[in-house]
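Welcome! Please take a moment with the sequence and the 3D view below, and then we can walk through them together.

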Amino acid sequence: MKEETIGGRPYHHGDLRRGLIDAARRLLECEGPSALSLRAVAREAGVSPAAPYHHFKDKNELLEAIAEQGWDLLGDMLAKARIESGSNYGPLALVGVTYVRFAREHPALYRVMYDRSRDREALPDRQHGHDGAYDRVRTALVQAGLDPTDLVGLELAAVAAWSAAHGLAEMACFKQFQPLKDQLGGEEAFLRGVFEHMGIFAEGPKR
């Protein structure tokens with residue numbers, strides 16, 4: 001079998017899979033989901049048309065892999081933001097601002113993540129047993145004051161916080177908000193201000 005290469009460099013098995021996902025994400029962000037096919041991804045990655053079929057049965061499997069990578073990336077961004085945060089942010093406001101920033105920076109990836117998750121019993125980042133994006137929201141809620149033994153309350157609060165961030169991610173680009181952004185000093189100040197005016201983000205849930 002001919003060894004696959006990209007840029008003249010041989011791919012290791014795992015590298016080829018990652019390279020195909022990266023190529024698919026480039027196509028996704030530049031041209032949208034309609035431009036995505038295994039043949040187009042192979043062309044973008046610079047490998048033979050047959051190469052993607054060694055790793056993905058069809059476009060559906062490729063989209064699942066893209067979505068999984070997106071959830072991992074979101075979780076990593078939330079973890080990094082918490083490490084780098086200053087005292088100006090409460091843990092929940094920080095989660096909210098980082099979530100919206102992710103959605104704005106990766107719009108097509110963000111759409112794929114949710115398109116592939118609606119019919120699942122759990123979000124993909126909760127299916128692999130690690131501290132993913134959703135669990136980081138729960139951790140921030142506990143840090144903000146929620147009783148960790150109140151499992152139903154914790155879950156409801158997580159859904160509320162997640163829904164608030166998701167809603168603002170959908171609306172933050174509205175032109176109607178630009179005067180307020182200018183008045184506050186930019187988009188990040190606007191996002192933080194919005195979250196801090198939501199009860200769950202401003203004060204944290206009560207024990």
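**Helices that meet, and residues between them**

Let us begin with a pair of helices: helix H4, residues 91-105, and helix H9, residues 187-196, have axes that come within 9 Å and cross at roughly 130 degrees. That angle makes H4 oblique to H9, because an angle between 115 and 145 degrees falls outside the ranges for parallel, perpendicular and antiparallel. The crossing of these two helices, H4 and H9, is right-handed. Keep in mind throughout that this is a predicted model.

Which residues of H4 and H9 meet? From H4 come Ala-93, Gly-96, Val-97, Val-100, Arg-101 and Arg-104, and from H9 come Glu-187, Glu-188, Leu-191, Arg-192, Phe-195 and Glu-196. Sorted by class, the contact of H4 with H9 holds five nonpolar residues, one polar residue and six charged residues.

H4 also packs against helix H6, residues 133-143, with the axes 8 Å apart and an angle of about 155 degrees. Because that angle is over 145 degrees, H4 counts as roughly antiparallel to H6. Here Pro-91, Leu-92 and Val-95 of H4 meet Val-137, Ala-140, Leu-141 and Gln-143 of H6. The classes in the contact of H4 with H6 are six nonpolar, one polar and no charged residues.

Now pick out one residue of H4. Thr-98 sits in this helix, and Thr-98 counts as buried because its relative accessibility is 1%. Setting aside neighbours within four places in sequence, Thr-98 is in contact with Met-77, Leu-78 and Ala-81.

Next, look at helix H3, which spans residues 59-84. Arg-82 has its place in this helix. Is Arg-82 buried or partly exposed? With a relative accessible area of 28%, Arg-82 is partly exposed. Apart from residues up to four places away in sequence, Arg-82 touches Leu-94, Thr-139 and Gln-143. Arg-82 and Ala-140 are 58 residues apart in sequence, while their C-alpha atoms are 9.4 Å apart in space. You have already met Ala-140 and Gln-143 among the residues of H6 that meet H4.

A further pair to find is helix H5, residues 107-115, and helix H7, residues 151-171. The axes of H5 and H7 come within 13 Å and cross at roughly 140 degrees, which makes H5 oblique to H7. H5 passes H7 in a left-handed crossing. The residues that meet are Tyr-110, Arg-111 and Tyr-114 in H5 and Trp-162, His-166, Ala-169 and Glu-170 in H7. By class, the contact of H5 with H7 has four nonpolar residues, one polar residue and two charged residues.

Let us move to an earlier part of the chain, starting with helix H1, residues 13-31, where Leu-27 lies. Leu-27 counts as buried because its relative accessibility is 7%, and the cut-off for buried is under 20%. Which residues does Leu-27 contact, leaving aside its neighbours within four places in sequence? They are Gly-32, Leu-36, Ala-40, Val-41 and Glu-44. Between Leu-27 and Ala-40 there are 8.3 Å in space, C-alpha to C-alpha, and the two are 13 residues apart in sequence.

Ala-40 and Val-41 appear again in helix H2, whose buried residues are Leu-38, Ala-40, Val-41, Ala-42 and Ala-45. Just after H2 comes Gly-46, which takes a positive phi of about 75 degrees. Continue into the loop between H2 (38-45) and H3 (59-84), and you will find Ala-51. Ala-51 counts as buried because its relative accessibility is 0%. Ala-51 and Leu-38 are 13 residues apart in sequence and 8.9 Å apart in space, C-alpha to C-alpha.

Finally, step back to view the whole chain. How many helices and strands does the protein chain have? Its secondary structure comes to ten helices and two strands, and along the sequence they follow the pattern β-β-α-α-α-α-α-α-α-α-α-α. The protein chain has 207 residues, of which 43% count as buried. Among its contacts with a separation of 6 or more, 66% are between residues 24 or more positions apart. The accessible surface comes to about 11,400 Å², and 52% of that surface belongs to carbon and sulfur atoms.

Key: Residues numbered from 1 in each chain as written. Predicted model: local features only at pLDDT ≥ 70, side-chain atom pairs only at ≥ 80, totals over all residues. Heavy atoms only, no water. Helix = DSSP H or I, 4+ residues; strand = E, 2+ residues; numbered from the N terminus. Buried < 20%, exposed > 50% of the residue type's maximum accessible area, 1.4 Å probe, protein only. Contact = heavy atoms within 4.5 Å. Areas by Shrake-Rupley, 256 points an atom, 1.4 Å probe, with all protein chains shown as cover. Axes fitted to C-alpha atoms, helices over the stretch in contact; angles between N-to-C directions. Parallel < 35°, antiparallel > 145°, perpendicular 65-115°, else oblique. Left-handed = near helix turned anticlockwise from the far one by under 90°. Nonpolar A, V, L, I, M, F, W, Y, C, P; charged D, E, K, R; others polar.
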